[in-house]
Amino acid sequence: MFSDESRFSLQSDSRRTVIWRAPGTRYHQEYTIERHRYGGAGWLVWKGVNLGSTTDLNVQSVTMAGHIYRDVILEQHVRLFRGAIGAEFLFMDDNARPHRAKIVDECLQSEDITRMD
């Protein structure tokens, strides 16, 4: 199962430009990536995809954190999918900070869910 989420802002562009640069490349234009950060209200949308099936679309009006990821995503969706698939179940998420929280690792381990490296 592949799992991912996206946040959608409900507010318009703040007209601020946020620039991210790799360490040691402060003035190198070729390493500059423009990012827009919209604060305020938004919706978090999550879905899990597996061969031949998907989870329901999950929409939350919260900011993703480790305990929310565990309680809403892992407990209510991933755990059930793992139960239906069986021991062959392999879970893949990205390296987002909430996905790597200690409480998430403990939950996956307690549910015997194997995470792809």
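## A pocket to start with

The second largest pocket has a lining made up of E5, R7, L44, T63, M64, D94, A96, R97 and P98. Sorted by class, that lining holds four charged residues, four nonpolar ones and one polar residue. The space inside the second largest pocket comes to about 160 Å³. If you wonder how such spaces are found, rolling a probe the size of a water molecule over the atoms shows where empty space is left.

Please keep in mind as you read on that this is a predicted model.

## The chain as a whole

Let us step back to the overall layout. The protein chain contains eight strands and two helices. Read from the N terminus, its elements follow the order β-β-β-β-β-β-α-β-α-β.

The protein chain has 117 residues, and 30% of them are buried. Its exposed surface is about 8100 Å², with 51% of that area supplied by carbon and sulfur atoms. As for contacts with a separation of 6 or more, 59% of those in the protein chain link residues 24 or more positions apart.

## The largest nonpolar core

How many residues does the largest nonpolar core have? There are 18, and Y69, I73, L74, V78, F89 and F91 are those with the most contacts inside the core. Two or more residues of this core come from each of β4 (42-50), α1 (66-85) and α2. The biggest share belongs to α1, which gives seven residues. As background, nonpolar side chains in soluble globular proteins tend to be buried together.

I73 is a good residue to click on here, being among those with the most contacts inside the core. Setting aside its neighbours within four places in sequence, I73 makes contact with S3, W46, N58, M64, I68 and V78. One of these partners, M64, also appears in the lining of the second largest pocket, while V78 is another of the core residues with the most contacts.

## Helix α2 and the loop after it

L108 sits in helix α2. Is L108 buried or exposed? Its relative accessible area is 4%, under the 20% cut-off, so L108 counts as buried. Beyond residues up to four places away in sequence, L108 touches L74, F91, I113 and R115. Two of these, L74 and F91, are listed among the core residues with the most contacts. For the pair L108 and F91, the C-alpha atoms are 9.4 Å apart, with their positions 17 residues apart along the chain.

Following the chain onward, D112 lies in the loop between α2 (102-110) and β8 (114-115). The backbone is worth a look at this point: D112 is not a glycine, yet its phi is positive, at about 55 degrees.

## Around N50, S53 and I85

N50 belongs to strand β4. Why does N50 count as buried? Its relative accessibility is 19%, and the cut-off is under 20%, so N50 falls on the buried side. Leaving out neighbours within four places in sequence, the contacts of N50 are M1, F81 and I85.

Two of those partners lead to further pairs. I85 is part of helix α1 and is partly exposed, with a relative accessible area of 36%. I85 and M1 lie 84 residues apart in sequence, while their C-alpha atoms are 9.9 Å apart in space. F81, in turn, can be paired with S53: the two are 28 residues apart along the chain, and 10.0 Å separates their C-alpha atoms. S53 is located in strand β5 (residues 53-54), and with a relative accessible area of 32% it is partly exposed.

Note on methods
Residues are numbered from 1 along each chain as its sequence is written. This is a predicted model: local features need pLDDT of at least 70, side-chain atom pairs count only at pLDDT 80 or more; totals for chains, interfaces and linings use all residues. Side-chain values use heavy atoms; hydrogens and water are left out. On a 1 Å grid over the protein atoms alone, a cavity is a set of points where a 1.4 Å probe fits but cannot get out, and a pocket is an open set with protein on both sides within 12 Å along at least five of seven lines; lining residues have an atom within 4 Å of a point. Grid points are joined across faces, edges and corners, and a volume is the space filled by probe spheres set on the points. Ala, Val, Leu, Ile, Met, Phe, Trp, Tyr, Cys and Pro count as nonpolar, Asp, Glu, Lys and Arg as charged, and the others, Gly among them, as polar. Helices (H or I, at least four residues) and strands (E, at least two) are DSSP runs, numbered from the N terminus. Buried means under 20% relative accessible area, exposed over 50%, partly exposed in between (1.4 Å probe, protein chains only). Contact means heavy atoms within 4.5 Å. Accessible areas come from the Shrake-Rupley method with a 1.4 Å probe; for residues, only the protein chains shown count as cover. A nonpolar core is a set of buried Ala, Val, Leu, Ile, Met, Phe, Trp, Tyr and Cys residues joined through side-chain atoms within 4.5 Å.
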